[in-house]
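Student: Before we use any labels, could we go through how each one is earned?
Tutor: Yes, let us set the values against the cut-offs, one label at a time.

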Amino acid sequence: MRRLRTMALTVAAAAGLVLVTAVPAPAAAPITTSIYTADPAALVVGDTMYLYTGHDEAPAGGTNFVMRDWHVFTSGDATTWTDQGAKLKLADFSWAGADAWAGEVEPRNGKYYWYAPVNGNGAGWMDIGVAVGDSPLGPFHDAKGGPLISDSTPNSSPLNIDPTVFTDDDGQAYIYWGSYYGLRAAKLKPDMINLDGGVVTPSGVSNFWEAPWMFKRNGTYYLAYSANDSACSAPGYACIRYATASNPLGPWTHRGVVLDQVSSTTNHPAIIEFKGQWYMVYHNAGSPGGGDFRRSVTLDKLYWNADGTMQKVVQTTGPASSNLALSATASTSYVSPWETLGAVNDGFTPANSADHSHGAYGNWDHQGTEWLEYQWPSAQTVNRVGVYWFDDDQGIDLPASCKVQYWNGSAYVDVPGQSACGVAANTFNTTTFTAVSTTRLRLSVTSKTGFSTGVLEWQVPR
């Protein structure tokens, strides 16, 4: 139940005068380069995010998908991922023979149901089966002994792949699936392995191609999906569009593109909230030796507008290691409740000092000196930082001064040989210093009289 997944994970506000918030860094790099992964589905259970992925095994230069199992990856911070191995295989479905394509796991009554499209070795091509396990990691086994959906299902899609399952507040579960422009939907019975009534063709989903992903936020239903129209992608490539509805079966209203085309021709979204931050999970061809049949799953932060629409996701496709801030945990002496501490290390480059489209750190109505801090689990060697200041032309203004400090093992001290800490608008202000090795770095900021201060991005280049 994706709505309950997010409800179970809330971020508690710290009490008193000091607010310290740990923010997961974006994952510009693939979740793994040990294998090729694709078609992600995301699930949050407790304080862990689970990514269920396909496994691309095509040889270099291959021109077709070779996919025989699905892997599960886990993370406690949406940055560092552990491959838990292949938790479901084609061989687990006695009636399947090939094509372990894009699946999704949905919890219900203490069990976890894995909806998986496979070539069923019967009439037609792709079918959708269901496996079940007692934990998010299984073990999983075939729950039905045959397809849940096949070409023989009345009004089935031209290609029965890419299932997404959503359980509403009243306990009713819905399944969406399809490709070749054939979006389909149906209710599921409480046993989660049988359809409840007929298959419908949802209306209002503009330019649908495949890969639906359904979830609910603030009473509104959202459907993200892969589209390959010329208005959002080059020929042969796909972008991610989305639509909203007030009913889980529609009608839907198209809202726009939330993710532009990626480096692989295919694209597949999963959208999830984890520890107070929303993410877009998707695949591209970004790993060494990658390509259209050797893809890699990654994720980036997703942000919302006040009216409930989604901002277009910024693909942080550069190497995460080039900016040490991306792997740091951020904290602060104070952040205004409506501002976003996580904005300081989300990898976004602002257009100007008023550009808070991806959130901003601000400490209004505090005046005087406040601080931001980065912490790493192991020592990092650093010799410069870059700060892009936030100025809202209201209570937050450019600072009067700033300085950089580091943790020497027992206290914070000024970094040695520090150059002037710049306070210019509309640019990254670079401060250099003699290299230090530390697990913590602090930016101390002093406001002008009568104003507070803010930061859009704080980089720590390697």
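**Labels and their reasons**

Tutor: In this predicted model, Asp414 has a relative accessible area of 41% and is therefore called partly exposed, since that label covers values between 20% and 50%.

Student: What makes the pairing of Asp414 with Lys403 a salt bridge?

Tutor: The closest N and O atoms of Asp414 and Lys403 are 3.6 Å apart, and because the rule asks for a side-chain nitrogen of Lys or Arg within 4 Å of a carboxyl oxygen of Asp or Glu, the pair qualifies as a salt bridge. Asp414 belongs to strand 23 (residues 412-414) and Lys403 to strand 22, eleven residues apart. Lys403, at 34% relative accessibility, also counts as partly exposed.

Student: Why is Lys216 called buried?

Tutor: Its relative accessible area is 11%, and buried means under 20%, so Lys216 is buried. Its salt-bridge partner is Asp169, with 3.0 Å from N to O; Asp169, at 43%, is partly exposed. The two are 47 residues apart, with Asp169 in the loop between strand 9 and strand 10 and Lys216 in strand 12 (residues 210-217).

Student: How do you know that Asp397 and Lys448 tie together parts that are apart in sequence?

Tutor: Asp397 lies in the loop between strand 21 (369-389) and strand 22 (401-407), while Lys448 lies in the loop between strand 24 (428-446) and strand 25 (454-459), so their salt bridge joins parts that are 51 residues apart in sequence. The closest N and O atoms of this pair are 3.7 Å apart, which is accepted because the cut-off is 4 Å. Asp397 is buried at 16%, whereas Lys448 is partly exposed at 34%.

Student: How many salt bridges does the rule give?

Tutor: The count comes to twelve, and Asp39, Asp56 and Arg295 are linked in a network of such bridges.

Student: What makes strand 9 and strand 11 edge strands?

Tutor: Three strands form an open antiparallel sheet in the order 9-10-11, and strand 9 (164-167) and strand 11 (184-188) each pair on one side only. Strand 10 (residues 173-177) pairs with strand 11 over five bridges, and because two strands count as paired when there are at least two bridges between them, this pairing meets the rule. Tyr176 stands opposite Ala185 in strand 11.

Student: Which residues have the most contacts inside the largest nonpolar core?

Tutor: They are Met49 and Trp114, in a core of 58 residues. Beyond its neighbours within four places in sequence, Met49 is in contact with residues including Phe73, Trp81, Ile272 and Leu299.

Note on methods:
Residues are numbered from 1 along each chain as its sequence is written. This is a predicted model: local features need pLDDT of at least 70, side-chain atom pairs count only at pLDDT 80 or more; totals for chains, interfaces and linings use all residues. Side-chain values use heavy atoms; hydrogens and water are left out. Helices (H or I, at least four residues) and strands (E, at least two) are DSSP runs, numbered from the N terminus. A nonpolar core is a set of buried Ala, Val, Leu, Ile, Met, Phe, Trp, Tyr and Cys residues joined through side-chain atoms within 4.5 Å. Buried means under 20% relative accessible area, exposed over 50%, partly exposed in between (1.4 Å probe, protein chains only). Contact means heavy atoms within 4.5 Å.
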